Amino acid sequence: MAQKIDPIKLKAAAERLEWVCQQYPGEAAVQSLYQGLRSLIEDAKAGRVLVPVSDRQDIPSRWAVSAEGLYRDYENPSIESAYVAFAIEMEGGLTEQDKRILAKFAARIAAKSNGTGEAS
């Protein structure tokens, strides 16, 4: 099944990313990222994004955030998590397979936290 844009989730992710970027006004790297994303953020907030981005390269700085980790030092609030949430929504949200993988991962973490070592 093809992914679809959820305008409410996308708007929330765009607003969050914008807010997080604004928490680092003196950081040139963050402000450069924000400027590169600004038109997409504005389109997302205004409900102008109607179809998911099909090529991850259409989201500026994807490689710098994901692969290079250039924004890992900006963690409170986290640039990386806000960016990833925005990118996921721009791509149409998590797939069913993504959700199953995350659920398994969460179950394993919960099992380790409760000391059983097994997913419950």
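Buried means under 20% relative accessible area, exposed means over 50%, and partly exposed covers what falls in between. Keep these cut-offs at hand for the exercises below, and remember that the model is a predicted one.

**Exercise 1. Is tryptophan 19 buried, partly exposed or exposed, and where does it sit?**

Step 1. Start with the place: tryptophan 19 belongs to helix H1.

Step 2. Now take its relative accessibility, which is 40%. Because this value lies between the two cut-offs, tryptophan 19 counts as partly exposed.

Step 3. Look across to tyrosine 34. In sequence, tryptophan 19 and tyrosine 34 are 15 residues apart, and their C-alpha atoms are 10.0 Å apart in space.

Step 4. Try the same with glutamine 22, which is also found in helix H1. Its relative accessible area is 41%, so glutamine 22 is partly exposed. From glutamine 22 to tyrosine 34 there are twelve residues along the chain, with 8.4 Å between the C-alpha atoms.

**Exercise 2. Describe the overall architecture of the protein: how many helices and strands does it have?**

Step 1. Count the elements: there are five helices and zero strands.

Step 2. Write them in sequence order, and the pattern reads α-α-α-α-α.

Step 3. Add the dimensions. Along the principal axes, the C-alpha atoms fill a box of roughly 45 × 35 × 25 Å.

Step 4. Finish with burial: of the 120 residues in the protein, 32% are buried.

**Exercise 3. Which residues touch the most other members of the largest nonpolar core, and which helix gives the most to this core?**

Step 1. Recall a general idea: in soluble globular proteins, nonpolar side chains tend to be buried together.

Step 2. Find the core in this model. The largest nonpolar core has 28 residues, and those touching the most other members are Leu17, Ile59, Tyr71, Ile79, Tyr83, Phe86 and Met90.

Step 3. Ask which helices contribute. At least two residues of this core come from each of helix H1 (7-22), helix H2 (28-45), H3 and H4. H2 gives the most, with seven residues.

**Exercise 4. How many salt bridges does a search of the whole structure find? Work through three of them.**

Step 1. The search finds six salt bridges.

Step 2. Begin with lysine 45 and glutamate 18, whose side chains meet in a salt bridge at 2.7 Å, N to O. This pair links distant parts of the chain, since lysine 45 is in helix H2 and glutamate 18 is in helix H1, 27 residues apart.

Step 3. Compare each partner with the cut-offs. Lysine 45 has 23% relative accessibility, so it counts as partly exposed. Glutamate 18 has 12%, so it counts as buried.

Step 4. Widen the view: Glu18, Glu42 and Lys45 are linked in a network of salt bridges.

Step 5. Turn to glutamate 80 and arginine 72, where the N to O distance is 3.3 Å. Arginine 72 has 46% relative accessibility and therefore counts as partly exposed.

Step 6. Last comes the pair of lysine 99 and glutamate 96, with the closest N and O atoms 3.5 Å apart. Both residues lie in helix H5, three residues apart, or about one turn of the helix. Lysine 99 is partly exposed at 41%, whereas glutamate 96 is exposed at 51%.

**Exercise 5. Which residues form a positive surface patch?**

Step 1. The patch is made of Arg100, Lys104, Arg108 and Lys112.

Step 2. Pick one member, lysine 104, and place it: this residue is in helix H5 (residues 96-113).

Step 3. Check its accessibility. With a relative accessible area of 57%, lysine 104 is over the 50% cut-off and so is exposed.

**Exercise 6. Which two residues does a cis peptide bond join?**

Step 1. Start from the general rule that most peptide bonds are trans.

Step 2. Here, asparagine 76 and proline 77 are joined by a cis peptide bond, with omega about 10 degrees.

Step 3. Locate the site: proline 77 is in the loop between helix H3 (62-66) and helix H4 (79-90).

**Exercise 7. Where does glutamine 3 lie, and how far is it from alanine 85?**

Step 1. Glutamine 3 lies in the segment before H1.

Step 2. Its relative accessible area is 26%, so glutamine 3 is partly exposed.

Step 3. Glutamine 3 and alanine 85 are 82 residues apart in sequence, and 15 Å separates their C-alpha atoms in space.

Definitions and conventions:
Residues are numbered from 1 along each chain as its sequence is written. This is a predicted model: local features need pLDDT of at least 70, side-chain atom pairs count only at pLDDT 80 or more; totals for chains, interfaces and linings use all residues. Side-chain values use heavy atoms; hydrogens and water are left out. Patches are made of residues with over 30% relative accessible area and no salt bridge: like charges are joined within 9 Å, nonpolar side chains (Val, Leu, Ile, Met, Phe, Trp, Tyr) within 5 Å. Accessible areas come from the Shrake-Rupley method with a 1.4 Å probe; for residues, only the protein chains shown count as cover. A salt bridge is a side-chain nitrogen of Lys or Arg within 4 Å of a carboxyl oxygen of Asp or Glu. Lys and Arg count as positive and Asp and Glu as negative; His and the chain ends are not counted. The place of a charge is taken as NZ of Lys, CZ of Arg, CG of Asp or CD of Glu. Helices (H or I, at least four residues) and strands (E, at least two) are DSSP runs, numbered from the N terminus. Buried means under 20% relative accessible area, exposed over 50%, partly exposed in between (1.4 Å probe, protein chains only). A nonpolar core is a set of buried Ala, Val, Leu, Ile, Met, Phe, Trp, Tyr and Cys residues joined through side-chain atoms within 4.5 Å.
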